[in-house]
Amino acid sequence: MERVRLTLSSVTYAMKAQKLLERNGLHTSVQKAPLSPGSKGCGYALTVRMGEERAAKNLLARAGIRVLGEGRVQDG
Amino acid sequence: MIYLDNAATSFPKPSAVREAVARAMTLYSANPGRSGHPLAVSTAEMVYRCREAAAGLFGAEPERVVFTLNCTHALNLAIKGAMPQGGHLILSDLEHNAVFRPAYAMRAAGWADYTVARVTLGDDDATVAAFRRAIRPNTAMIVCTMASNVVGYRPPVERLAALARQHGLIFVADAAQAAGTMPIDIGRLGADFLCMPGHKGLYGPTGTGLLIAASDRPPLHTLCEGGTGSRSADPAMPEELPDRLESGTVNTVGIAGLLAGIQFVRRKTPEALWQAEMRLVGMLYDGLSRIPGVRLYTPRPAVGRYAPVLSFNLRRMGSEQAAAALAARGFALRAGLHCAPLAHRHFDTLDGGMVRVSPGAFNTPGEIERFVFAVRRLAMGKN
């Protein structure tokens with residue numbers, strides 16, 4: 001199953017974001033963000049179920065948590 | 001041994017703290033915020049739980065809780081990190097060297113200047129006026145202890161924070177003797193930065209401390225740069241807390257213990273701990289004040305205006321000699337200048353120091369009675 005990966009600025013913000021999303025019923029998992037051209041390297045991301053990314057991003061935006069990037073990832 | 005040196009570090013630690021440290025050596029010994037494997041992620045989760053616990057205790061946001069080596073490290077980060085070149089700092093005349101020495105070093109380096117403002121015990125108006133008189137056009141910061149590590153006195157920190165705000169100054173609170181010992185909310189206090197050890201009133205292991213920021217302003221210059229596990233391709237340190245001030249691997253095992261310590265304090269509540277420990281200090285003061293040849297330096301300490309720290313001297317012997325004699329009788333204390341020469345200058349004890357007694361959560365009234373008895377015999381010249 002495909003999930004959406006939301007890249008955050010640090011592991012602390014990934015943890016903060018995870019707690020926020022899970023309090024609001026969104027299942028997440030924390031993983032290292034992949035390196036990509038133009039990125040500053042080394043970061044952490046949350047994955048959310050496909051279809052829940054908009055709700056997730058809205059919650060994060062309201063909490064002042066910046067999402068630095070977005071991508072798709074396969075489960076497993 | 002009857003341990004009465006909790007102002008130096010708390011002892012014993014709660015069993016939950018000891019167990020957490022032991023568990024962490026197995027369960028949380030990966031490097032948090034570096035790798036993506038399950039052990040690293042679970043370690044990062046534990047570290048975050050500690051940030052959350054500290055944030056909950058002090059009214060802050062978890063991401064503004066920075067782990068440090070100790071309170072001195074936290075104070076150096078805040079004081080030197082926020083002081084602009086050519087600036088001026090006001091500190092109280094009760095400060096520990098963790099505040100005084102950074103100020104002195106900045107002056108010696110030609111970076112910034114400082115003024116020591118007198119705290120008048122029992123007269124908050126006079127104290128605030130002294131700080132107000134010290135303000136100059138280039139004053140950037142006020143730093144004040146929340147409780148003296150020599151006599152326990154709590155200056156009017158909320159009013160000093162308000163004074164700082166009124167003049168656009170940064171306020172740094174040294175909570176070394178206050179964190180965990182009394183209720184603190186960084187917002188209600190009005191401080192920009194709250195600095196504390198993890199190993200005193202929070203009952204965590206040595207090697208832990210916290211710097212808590214009220215907001216993202218002012219941004220702190222870094223004193224140490226290195227790996228943060230984030231934005232590694234950027235040669236500059238991240239701008240966001242906590243990464244900006246946490247370069248290198250944090251003390252994960254210590255943080256596991258600190259988490260358990262904070263949970264202990266939250267269960268007991270700082271209010272209840274303060275009441276209980278000040279009852280012991282009251283017993284101590286009442287007992288010592290009846291002993292001929294004992295000199296005390298404050299009025300009877302009360303909850304609200306004192307932390308559980310009390311110092312005295314015996315007229316017939318020096319402070320170090322008295323502490324050694326009491327150690328031989330099974331009492332763990334600290335004598336001398338307590339790394340606080342300014343405070344001893346305030347009380348005119350710079351030449352001889354004082355004997356400091358600081359009960360904690362695990363001391364009992366019976367232990368205080370035994371201590372007073374021992375001091376009485378010592379004062380009378382008996383074994």
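How much area is buried between chain A and chain B, and what percentage of that do carbon and sulfur atoms give? About 1700 Å², with carbon and sulfur atoms giving 54% of the total. Keep in mind for every panel below that this is a predicted model.

**Figure 1. Where chain A meets chain B.** Chain A puts 17 residues into the contact, and chain B puts in 24. On the chain A side, helix 1 (11-23), strand 2 (28-33) and strand 3 (43-49) each bring at least two of the touching residues. Helix 1 of chain A has the largest share, with seven residues. Sort the chain A side by class and you get six nonpolar, six polar and five charged residues.

**Figure 2. Charged and polar pairs across the interface.** Side chains of opposite charge can pair when their charged atoms come close. Between chain A and chain B the count comes to four salt bridges. For a close look, pick K19(A) and E52(B): their salt bridge has its closest N and O atoms 2.8 Å apart. There are also eight residue pairs in polar contact across this interface, with both partners at pLDDT 80 or more.

**Figure 3. Helix 2 against helix 8 in chain B.** Here helix 2 (residues 38-58) packs on helix 8 (residues 252-268) of chain B at an angle of about 35°, and the two axes are 9 Å apart. Their crossing is left-handed. From helix 2 of chain B, the residues making the contact include T43(B), M46(B), V47(B), C50(B), E52(B) and L57(B). Helix 8 of chain B answers with residues including I255(B), L258(B), L259(B), I262(B) and V265(B). Tallied by class, this helix pair brings twelve nonpolar, three polar and three charged residues to the contact. E52(B) turns up twice in these views, since it belongs to this helix contact and also pairs with K19(A) in a salt bridge.

**Figure 4. A salt bridge between distant parts of chain B.** Over all chains, the structure holds 17 salt bridges. In one of them, the side chains of D216(B) and R64(B) meet at 3.0 Å, N to O. Although they pair up, these two are 152 residues apart along the chain. D216(B) sits in the loop between strand 8 (209-213) and helix 8 of chain B, while R64(B) is in the loop between helix 2 and strand 2 (65-68) of chain B.

**Figure 5. Backbone oddities in chain B.** Most residues other than glycine have a negative phi, and most peptide bonds are trans. R217(B) and P218(B), however, are joined by a cis peptide bond, with omega about -5°. L241(B) and P242(B) are joined by a cis bond too, again with omega about -5°. P218(B) lies in the loop between strand 8 and helix 8 of chain B, and P242(B) has its place in that loop as well. Y203(B), meanwhile, has a positive phi, near 60°. Look for Y203(B) in the loop between strand 7 (193-197) and strand 8 of chain B.

Methods. Residues are numbered from 1 along each chain as its sequence is written. Chains are lettered from A and ligands numbered from 1 in the order in which they are written. This is a predicted model: local features need pLDDT of at least 70, side-chain atom pairs count only at pLDDT 80 or more; totals for chains, interfaces and linings use all residues. Side-chain values use heavy atoms; hydrogens and water are left out. Axes are lines fitted to C-alpha atoms, for helices over the stretch in contact, and angles run from 0 to 180 degrees between N-to-C directions. Helices (H or I, at least four residues) and strands (E, at least two) are DSSP runs, numbered from the N terminus. A crossing is left-handed if the near helix is turned anticlockwise from the far one by less than a right angle, and right-handed if clockwise. Contact means heavy atoms within 4.5 Å. Ala, Val, Leu, Ile, Met, Phe, Trp, Tyr, Cys and Pro count as nonpolar, Asp, Glu, Lys and Arg as charged, and the others, Gly among them, as polar. Buried area is the accessible area (1.4 Å probe) that two parts lose on being put together, summed over both. A polar contact is a pair of N or O atoms within 3.5 Å; within protein, one must be able to donate a hydrogen and the other to accept it, and residues adjacent in sequence count only if both atoms are side-chain atoms.
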